[in-house]
Amino acid sequence: MEKEIYRRPAAGTHPANLSEAYKSTPGRAPRRPAVALPHTLSEITGPLLAEERLDALENDLTRQRMGPPLGERILVHGRVLDEDGKPVPKALVEIWQCNAAGRYHHPGDQHDAPLDPNFYGGGRARADEEGRYHFITIKPGAYPWKNHYNAWRPAHIHFSLFGPSFATRLITQMYFPNDPLLPFDPIYNSVPDGARHRLQAAFDLDSTRPEWALAYRFDIVLRGRNATPME
């Protein structure tokens with residue numbers, strides 16, 4: 001049987017390469033049709049990530065430094081699913097984010113908000129056999145990004161999902177429910193209107209730990225009509 005090839009879904013789920021309101025896309029959007037390049041053996045077979053071992057605290061961003069970071073501790077969890085709602089086991093889930101003041105631990109971020117020496121902002125988790133993953137982290141802050149006058153990015157967490165090899169990677173962003181900045185964010189609004197809600201996590205009281213941390217659920221659907229929008 002011919003091996004199935006993943007194809008980008010039709011318009012309606014994922015953002016277009018060129019979004020005029022998102023000022024950096026004109027410089028990187030393709031001006032010509034894409035050229036299909038066949039995968040070589042090295043792209044198909046490696047580097048392999050399915051058996052990569054993770055450190056014990058990689059999914060707990062609050063315990064990676066000498067002390068606890070500043071900000072509101074939260075739990076972020078969910079499942080990685082296929083188009084039929086079936087779990088995708090063993091997916092490698094990676095996140096990165098700014099700190100509670102809205103600044104990334106990166107030299108390229110020159111926002112004058114304070115850096116937190118106890119918050120690096122990156123973590124990884126391995127989904128289990130039921131596709132479940134979870135992270136402990138700090139709720140990120142909003143930050144200015146100079147895309148337009150008085151432009152602020154809503155609080156968000158970047159997600160990167162890897163399949164069995166480095167070439168099988170998808171990237172998306174998770175937003176928080178009913179953030180007042182969402183209607184003004186060109187990145188969020190570059191996603192077709194009917195799919196934007198899939199980028200918002202759901203507040204999860206059942207998974208909230210009393211007197212410790214609020215929980216948010218963010219299920220990631222890799223493809224199909226209910227796919228999570230990917231960058």
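Let's start in a loop: Asn150 sits in the stretch between strand 5 and strand 6 (152-153). This is a predicted model, and in it Asn150 has a positive phi of about 55 degrees even though it isn't a glycine. Why does that catch the eye? Most residues other than glycine have a negative phi. Is Asn150 buried or exposed? Asn150 counts as exposed, because its relative accessibility is 55% and the cut-off for exposed is over 50%.

Glu211 makes a good companion. Its phi is near 60 degrees, again a positive value in a residue other than glycine. Glu211 lies in a loop too, the one between strand 9 and strand 10 (214-217). With a relative accessible area of 86%, Glu211 is exposed.

**The chain as a whole**

Now zoom out. How many helices and strands does the protein chain have? The count is 2 helices and 11 strands. Reading from the N terminus, the order is α-β-β-β-β-β-β-β-β-α-β-β-β. So the chain opens its list of elements with a helix, and the other helix turns up after a run of strands, as the DSSP-based order shows.

The protein chain has 231 residues, and 42% of them are buried. If you take the contacts with a separation of 6 or more, 68% are between residues 24 or more positions apart. As for the surface, the protein chain exposes about 14000 Å², and carbon and sulfur atoms supply 56% of that.

**Some buried residues up close**

Here are three residues from the inside of the chain, with their places and their relative accessible areas.

| Residue | Place | Relative accessible area |
|---|---|---|
| Leu81 | strand 1 (residues 73-81) | 11% |
| Val191 | loop between helix 2 (186-189) and strand 9 (202-203) | 3% |
| Ile157 | strand 7 (residues 156-162) | 0% |

Take Leu81 to begin with. Leu81 is buried because its relative accessible area, 11%, falls under the 20% cut-off. Setting aside residues up to four places away in sequence, Leu81 touches Lys86, Pro87, Val88, Ile220, Val221 and Leu222. One of these, Leu222, is 141 residues away along the chain, yet the C-alpha atoms of Leu81 and Leu222 are separated by 6.3 Å.

Val191 tells a similar kind of story from a loop. Which residue, 177 residues apart from Val191 along the chain, has its C-alpha atom 5.8 Å from that of Val191? The partner is His14. Leaving out neighbours within four places in sequence, Val191 is in contact with Thr13, Pro15, Arg196, Leu199 and Pro229.

Ser19 belongs to the segment before helix 1 (41-45). Ser19 is buried as well, with a relative accessible area of 13%. Beyond residues up to four places away in sequence, Ser19 touches Thr25 and Ser190.

Then there's Ile157, buried with a relative accessible area of 0%. Not counting residues up to four places away in sequence, Ile157 touches Val76, Ile95, Trp96, Gln97, Thr137, Pro140, Thr172, Gln173, Met174 and Phe176. Ile157 and Tyr175 are 18 residues apart in sequence, and their C-alpha atoms are 6.7 Å apart in space.

**A pocket and an annotated stretch**

Two of the residues that Ile157 touches, Trp96 and Gln97, come up again in a pocket. The second largest pocket has a volume of about 620 Å³. Its lining is made of 26 residues, and the closest to the pocket's centre are Trp96, Gln97, Tyr104, His106 and His158. Which strands each supply at least two residues of this lining? They are strand 2 (92-96), strand 3 (122-126) and strand 5 (143-144). Sorted by type, the lining residues divide into 9 nonpolar, 12 polar and 5 charged.

Finally, a look at what a record says. In an unreviewed entry, UniProt lists residues 76-104 for "domain: Intradiol ring-cleavage dioxygenases". In the model, the chain over residues 76-104 is 0% helix and 38% strand. The end C-alpha atoms of this stretch are 19 Å apart.

How values were computed
Residues numbered from 1 in each chain as written. Predicted model: local features only at pLDDT ≥ 70, side-chain atom pairs only at ≥ 80, totals over all residues. Heavy atoms only, no water. UniProt positions renumbered as here; feature names shortened; annotations may be inferred. Helix = DSSP H or I, 4+ residues; strand = E, 2+ residues; numbered from the N terminus. 1 Å grid on protein atoms, 1.4 Å probe; cavity = no way out; pocket = protein on both sides within 12 Å on 5 of 7 lines; lining within 4 Å. Points joined across faces, edges and corners; volume = space filled by probe spheres on them. Nonpolar A, V, L, I, M, F, W, Y, C, P; charged D, E, K, R; others polar. Buried < 20%, exposed > 50% of the residue type's maximum accessible area, 1.4 Å probe, protein only. Contact = heavy atoms within 4.5 Å. Areas by Shrake-Rupley, 256 points an atom, 1.4 Å probe, with all protein chains shown as cover.
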